[in-house]
Structures are given as structure tokens and as C-alpha cells.
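The following exercises concern charge pairing and packing in a single protein chain. Please work through each task with the coordinates at hand before reading the solution.

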Amino acid sequence: IYGIDVIDAELVSETDVTIGEKLLQSFLEDDDPIVRAKAFQSLWKYNPERTITIIKTMLHDTPQRLHAIEILKGIPSPDAVELLLELAETEQNDEIKREAIKMLSDIRQKKEISLPQELSLKIEKFLQESKKEWVIG
């Protein structure tokens, strides 16, 4: 997405992460979930802690929750996976729980994110237990 790619290129040498967030702000709030996800991936490069904080806030906002799950899918981090696992374990809304479980299953199968063994085991245990209630690939 052109605007975000330009910001990424400009911020390569930038040391003030708040500038990156300010430049990305309109993209982070965009109506298009693809644009929003790309903006969060960009923010992740400059300020992972802030990215996780924003996503945690989104997870508590019902209309934003599915978007937050999609964003977490694109963040290659154990912190993001921990949030998905927590959501999958505690969520009451079936649609959101289904998406979180699906993402965890995809992460387990693709193994694109290097996860601590303890977290991998937690995911595996959760998915095994979830097979009783959910169809998991």
C-alpha cells in the first residue's frame, strides 16, 4: 500500500518512534482492514510495545475485535500469539473465538513464527482440547 510503504522508507533512519505513529495514524484508523493491518505491521517495526497496547485496547472494543484478530495474524511475535491464545481460551462470542482458534491453528501449521517451546506446547494443548467442540484443521 503506497502511502504506508513511503512512510516505512522514510522512517528507516528515524529514531523517534512517536513520529512513525503520527504518520501512520490515519492508516491505523482506516476503514479498509487490509490498509489497517498493513499500518499495524509497519508500526510493529518501530514500536512493538505500542502496537500490542493498541491491539489490546481494540480487543476490548466489540466492533474492533475481529479486526484486532486479523491484525494479530500479521504480527510475527510471541506477544501477538499470546494474545490470540488468551482470547481463544476466554472468549464467549463464537465468531471471535472461532477466528482466534483458526489463527492459532494456522500459526501451528505454518510455523512462520519462532515461538518459545512453552508457548508452542500451550497452543498444542489448547487446540487438542478444543477439538471436542470445534472443527480444527
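**Exercise 1.** In this predicted model, determine how many salt bridges a search of the whole structure finds.

*Solution.* The search of the whole structure yields 3 salt bridges. One of them joins the side chains of arginine 65 and glutamate 91, at 2.1 Å from N to O. This pair links distant parts of the chain, with arginine 65 in helix H5 and glutamate 91 in the loop between H6 and H7, 26 residues apart. Both arginine 65 and glutamate 91 are buried.

**Exercise 2.** Establish which residue forms a salt bridge with arginine 108, and classify both partners as buried, partly exposed or exposed.

*Solution.* Step 1: the partner is glutamate 124, and the closest N and O atoms are 3.4 Å apart. Step 2: arginine 108 lies in helix H7 and glutamate 124 in helix H8, so the salt bridge ties together parts 16 residues apart in sequence. Step 3: buried means under 20% relative accessible area; arginine 108, at 19%, is therefore buried. Glutamate 124, at 29% relative accessibility, counts as partly exposed.

**Exercise 3.** Identify the helix that gives the most to the negative patch, and the helix that gives the most to the largest nonpolar core.

*Solution.* Step 1: the surface patch of negative charge gathers Glu49, Asp79, Glu82, Glu86, Glu89, Glu118 and Glu129. H6 gives the most to this patch, with 4 residues. Step 2: the largest nonpolar core has 40 residues, and Val81 and Leu84 are among those with the most contacts inside it. H6 gives the most to this core, with 7 residues.

Conventions:
Residues are numbered from 1 along each chain as its sequence is written. This is a predicted model: local features need pLDDT of at least 70, side-chain atom pairs count only at pLDDT 80 or more; totals for chains, interfaces and linings use all residues. Side-chain values use heavy atoms; hydrogens and water are left out. Patches are made of residues with over 30% relative accessible area and no salt bridge: like charges are joined within 9 Å, nonpolar side chains (Val, Leu, Ile, Met, Phe, Trp, Tyr) within 5 Å. Accessible areas come from the Shrake-Rupley method with a 1.4 Å probe; for residues, only the protein chains shown count as cover. A salt bridge is a side-chain nitrogen of Lys or Arg within 4 Å of a carboxyl oxygen of Asp or Glu. Lys and Arg count as positive and Asp and Glu as negative; His and the chain ends are not counted. The place of a charge is taken as NZ of Lys, CZ of Arg, CG of Asp or CD of Glu. Helices (H or I, at least four residues) and strands (E, at least two) are DSSP runs, numbered from the N terminus. A nonpolar core is a set of buried Ala, Val, Leu, Ile, Met, Phe, Trp, Tyr and Cys residues joined through side-chain atoms within 4.5 Å. Buried means under 20% relative accessible area, exposed over 50%, partly exposed in between (1.4 Å probe, protein chains only).
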